[in-house]
Amino acid sequence: MSQSLILKMGHPILRQKAKPIQDILAPETQSILEKMREISQSAAGLAAPQIGESVRIIIFQVHPVTAQNKGIDVVPPQILINPVIKPLGREQYDDWEACLSLGDLMGLVPRYQHLAYEGYDEKGDFISGETSGHHARTIQHEYDHLDGILYIDRIKDLKNLIYRDQYENWLAGTLAT
Ligand code: NI
């Protein structure tokens with residue numbers, strides 16, 4: 001499935017607050033999940049509003065390319081429906097982010113270092129966990145999409161909004177979300 005199905009910044013759905021999923025096992029929910037799994041294979045993550053579905057579903061992973069590039073562990077893709085996230089501590093750090101909805105742009109964004117998350121998986125089972133660093137960053141980025149927030153809203157200095165090819169060498173492994 002093509003990434004051309006991804007809504008781009010400027011589309012109103014990307015700025016809406018997404019609605020909770022009422023029935024995880026409903027065919028229409030499962031169909032959204034299937035699309036998201038397919039599209040997000042080569043990305044760090046994806047949120048349902050990015051494919052035009054204003055509902056609270058995110059998928060995120062630490063992709064093998066990112067893991068190698070950053071020297072961190074691979075984390076397989078995980079779906080989180082109606083997620084709740086909570087920072088653990090106040091510590092934040094800056095790193096570069098990209099987004100499938102913002103083309104070739106990248107920005108330096110502050111995020112919480114440690115995070116607790118919970119929600120439901122594709123079968124409707126409750127899941128919860130704690131995570132840190134890049135994985136936690138990706139969850140925060142995807143969660144923001146559910147509230148109509150894009151990473152550019154969180155950049156402290158717009159000088160740190162750049163085109164990907166300007167940092168091509170050392171950012172080669174950074175994947176859009
Ligand atoms: Ni994104």
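Mentor: Contact here means heavy atoms within 4.5 Å. This is a predicted model in which local features need pLDDT of at least 70, side-chain atom pairs count only at pLDDT 80 or more, and totals for chains, interfaces and linings use all residues. Residues are numbered from 1 along each chain as its sequence is written, and side-chain values use heavy atoms, with hydrogens and water left out.

Trainee: Among contacts between residues at least 6 apart in sequence, what percentage join residues at least 24 apart?

Mentor: The count is restricted to pairs in the protein chain that are at least 6 apart in sequence. Of these contacts, the share joining residues at least 24 apart is 65%.

Trainee: Is strand β2 enclosed or open, and why?

Mentor: Strands are DSSP runs of E with at least two residues, helices runs of H or I with at least four, both numbered from the N terminus, and buried means under 20% relative accessible area, exposed over 50% and partly exposed in between, with a 1.4 Å probe and protein chains only. Ile57, Ile59 and Gln61 point one way from β2, while Ile58, Phe60 and Val62 point the other way, and all are buried. Because 6 of the 6 residues of β2 (residues 57-62) are buried, the strand is largely enclosed by the rest of the structure.

Trainee: Which residue of β3 stands opposite isoleucine 59?

Mentor: Two strands pair if DSSP finds at least two bridges between them. β2 is joined to strand β1 (residues 45-47) by 3 antiparallel bridges, and β2 also pairs with strand β3 (residues 75-87) in the antiparallel sense over 5 bridges. Opposite isoleucine 59, in β3, stands isoleucine 79.
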